[in-house]
Amino acid sequence: MPAPLTAADLSTVTAFAGLPDDTLAWLLAHGEDRRYGPDETVVQAGDAAQYMMAILAGGLQFYAERNGRAEPVFRIEAGQVSGVLPYSRLRTIGGRGVAVGETHILLLHRDLFPELERTSPELIQRLVGLMSDRVREQTRGQERDEKLRALGKLSAGLAHELNNPAAAISRAAATLGARLGIQPALLSALASHCPAPEALHALTLLAHPQPAAAGAPTASALDRADAEDELADWLETQAVPDGSALAGGLLAAGLARPALEEVAALLPPAARPAAFAWLEGQLSTQGLLRDVQEASSRISTLVDNVKTYSHMDRGGDFAPLDAAAGLESTLNIFGHQLRAKNIRLTRDYAADLPLVRGQVSSLNQVWTNLIDNAVDALPPGGGLTLRTRLAPGFVQVCVADDGPGIAADVLPHIFEPFYTTKEAGEGTGLGLDIAQRIVQNHGGRLEVTSGPQGTEFCAWLPVA
C-alpha cells in the first residue's frame with residue numbers, strides 16, 4: 001500500500017511551495033489522493049470540470065479530437081497545477097487527459113474554493129495568477145492558430161495563382177522550341193527560290209504584330225471563324241498546303257488577306273508556301289514570347305504581393321502606409337477563390353488618399369479576414385466591393401458583399417472571441433476579434449453594418 005500523502009509531498013508543487021503548515025494540512029485534509037497507471041485515462045472530453053489537479057508525480061498528456069484523430073494539445077508535468085482554478089468559468093473538459101507514467105495527483109473539488117479562500121488568501125492569489133497566465137498562453141496559441149489558418153488559405157490560393165502562369169511558361173517554352181527548330185528549314189526553302197530584295201523587304205515588314213485599330217469592334221467567335229476559313233482558302237490558292245494551320249496565327253497577329261496579297265504579288269509562286277509559313281512562324285514566336293513575358297510578370301507581381309503582405313523587407317514598427325496598396329496585395333492572393341465562385345469584383349478607391357500609420361503585416365491580416373469572410377458568405381456569382389474613403393482625420397477602408405447578410409441575433413456577437421457560426425473545424429471564432437483589436441491598436445475602430453442586401457465591414461484608420 002502506498003505511503004500516506006505528506007506536507008513534504010505537497011511542497012513539490014510550485015504553487016504550494018512555502019505555504020504555511022496549516023494551509024498544507026488543510027489541503028491534505030480536504031484533497032483527494034489519486035494514483036493512475038501509465039496511459040490510464042484521467043479525464044475524458046465532455047466530462048464536467050469539477051477538480052483542481054495538482055500533479056505530484058508523473059504527468060498528464062491532453063489530446064483533442066480533430067478530424068477523427070487524437071492530436072496532442074498540451075502536457076502537464078509533475079509540480080504543476082491543472083484543471084479548474086478559483087474564479088475559472090471552465091465547466092466542461094475539452095480534451096482527454098492520459099497519465100504519463102505512474103502518476104500521482106491531488107484533487108480538490110471546486111466547491112471547496114470558497115473555504116480555501118478563507119483559509120489561505122495567499123494560495124488563492126497564486127492560483128488566480130496561474131489562471132491568468134494560462135488564459136494569456138491559450139489566447140496567444142489561438143491567435144497563432146488563426147494566423148496559420150489564414151496563411152494556409154492564402155498559401156492554397158497562391159499555389160493556384162502561381163500554377164497558371166508557370167504552366168503557361170512551360171507550354172510556351174515547349175512550343176517555342178518546336179517552332180524555332182523548323183525556322184532554319186523554312187528560311188532555306190524561301191532563299192532557294194531567290195526572291196527579289198524588295199519582296200523580302202515587304203515580307204519582313206509584315207513580321208511584326210500589327211496594332212489593332214483604336215476603337216475597332218471586337219469580332220465575334222463566328223466572325224473570326226469565317227475570316228480564318230476565308231484566309232485559309234486563299235492561302236491554298238497560293239499553293240500553301242497547310243493554309244488552315246497558318247490562317248489563325250496570321251489573323252491573330254493582325255494580318256488579313258489584302259496585306260498578304262501585296263507581298264504575294266512580289267514573290268515567285270514557288271516561294272509563297274515557305275514565305276507564308278516562315279512569316280506565321282515569326283509572328284507566332286513573338287506571340288509566345290509575349291505570353292512568357294506576361295506570365296513571368298504575373299509571377300513577379302505575386303511575389304511582390306506576398307512580400308508586401310508579409311512585410312518581409314521591414315521591421316514590425318509602425319510606419320506611414322498606403323492602406324489601399326495593402327488591400328490590393330491581399331486581394332491579388334485571393335484571385336483563385338474569386339474565380340472559383342465567379343465573384344464580381346468592384347474597386348471603389350478614392351483618389352489622393354493620405355497615408356495611415358500602421359504595420360503592414362497586421363493590417364493585411366485584417367484585410368485577409370474581411371475578404372475571406374466575404375467570399376465565404378457569397379453565393380456563386382455574388383458581388384464583392386472594396387472601398388476607400390477619406391473621413392475627417394481618418395482613412396476608411398471597407399469590404400462589402402451582397403450576400404444574405406448576418407442574422408439579427410448574430411450581429412451583436414460578431415466581434416466576441418470564440419463566437420462563430422461556421423461548422424466545427426472551419427473557424428476559431430477569433431478572426432474578427434483579432435481584426436478588431438489590430439484596428440484598435442492602430443488607434444482606429446472596426447464597424448459592421450448588415451442587412452438583407454449584404455454586409456459591410458469598415459475599418460477607420462487615423463491619418464499618419
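**Exercise 1. In this predicted model, determine which residue forms a salt bridge with Glu122, and where the two partners lie.**

Solution. Begin with the charged atoms: Glu122 pairs with Arg126, and the closest N and O atoms of the two side chains are 2.8 Å apart, which is inside the 4 Å limit that a salt bridge requires. Next, place the residues on the secondary structure, where both belong to helix α4 (residues 121-191) and are separated by four residues, about one turn of the helix. The spacing matters because an α-helix has 3.6 residues a turn, so that residues three or four places apart point the same way. Finally, consider the surroundings of each partner: Glu122 is partly exposed because its relative accessibility is 37%, and Arg126 is likewise assigned as partly exposed, with a relative accessible area of 26%.

**Exercise 2. Find how many salt bridges a search of the whole structure gives, and work out which elements are linked by the pair of Glu328 and Arg347.**

Solution. The search of the whole structure returns 14 salt bridges. In one of them Glu328 is joined to Arg347, with 2.7 Å between the closest N and O atoms. This pair links distant parts of the chain, since Glu328 sits in helix α10 (residues 323-333) while Arg347 sits in strand β10 (residues 344-349), 19 residues apart. Arg347 has a relative accessibility of 44% and therefore counts as partly exposed.

A further pair is that of Glu447 and Arg445, whose closest N and O atoms are 2.7 Å apart. Here Glu447 is partly exposed at 33% relative accessible area, and Arg445 is partly exposed at 35%. Salt bridges also connect Asp348, Arg387, Arg389 and Glu456 into a network.

**Exercise 3. Identify the cysteines joined by the disulfide, and decide whether each is buried or exposed.**

Solution. The structure holds one disulfide, and the residues that it joins are Cys398 and Cys458, with an S to S distance of 2.1 Å. The link is right-handed, with 110° about the S-S bond. It connects distant parts of the chain, for Cys398 belongs to strand β13 and Cys458 to strand β15 (residues 454-462), 60 residues apart. To judge burial, compare each value with the cut-off of 20%: Cys398 counts as buried because its relative accessibility is 3%, and Cys458 is also buried, at 7%. For another cysteine, Cys194, the relative accessible area is 63%, so Cys194 is exposed.

**Exercise 4. Establish how many residues of strand β8 are buried, and which strands are joined to β8 by bridges.**

Solution. Seven of the seven residues of β8 (residues 103-109) are buried, so the strand is largely enclosed by the rest of the structure. Following the side chains, one finds Thr103, Ile105, Leu107 and His109 pointing one way from β8 and His104, Leu106 and Leu108 pointing the other way, all of them buried. Turning to the neighbouring strands, β1 (residues 32-36) runs antiparallel to β8 and is joined to it by five bridges, with Asp33 standing opposite Leu106. Strand β3 (residues 51-57) is also antiparallel to β8, with six bridges between the two, and Met52 stands opposite Leu108.

**Exercise 5. Work out which residues touch the most other members of the largest nonpolar core, and which element gives the largest share of this core.**

Solution. The core has 36 residues, and the members that touch the most others are Phe16 and Leu27. Several elements give two or more residues to this core, including α2 (21-30), β3, β8 and α4, and the largest share, five residues, comes from β3. Leaving aside residues up to four places away in sequence, Leu27 touches Leu10, Phe16, Leu106, Leu108 and Leu123. Another core, of 35 residues, lies apart from this one, and among its members are Val360, Val366, Ile414 and Val448.

**Exercise 6. Assess how many residues of α13 are buried, and decide whether Pro412, in the loop before that helix, is buried or exposed.**

Solution. Eight of the 11 residues of α13 are buried, so the helix is largely enclosed by the rest of the structure; among the buried ones are Leu432, Ile434, Ile438 and Val439. The helix is followed by Gly443, which has a positive phi, near 80°. Pro412 lies in the loop between β13 (394-401) and α13 (431-441), and because its relative accessibility is 61%, Pro412 counts as exposed. The C-alpha atom of Pro412 is separated by 9.9 Å from that of Val448, 36 residues apart along the chain.

Definitions and conventions. Residues numbered from 1 in each chain as written. Predicted model: local features only at pLDDT ≥ 70, side-chain atom pairs only at ≥ 80, totals over all residues. Heavy atoms only, no water. Buried < 20%, exposed > 50% of the residue type's maximum accessible area, 1.4 Å probe, protein only. Disulfide = S-S within 2.5 Å. Pairing = 2+ DSSP bridges. Core = buried A, V, L, I, M, F, W, Y, C linked by side-chain atoms within 4.5 Å. Contact = heavy atoms within 4.5 Å.
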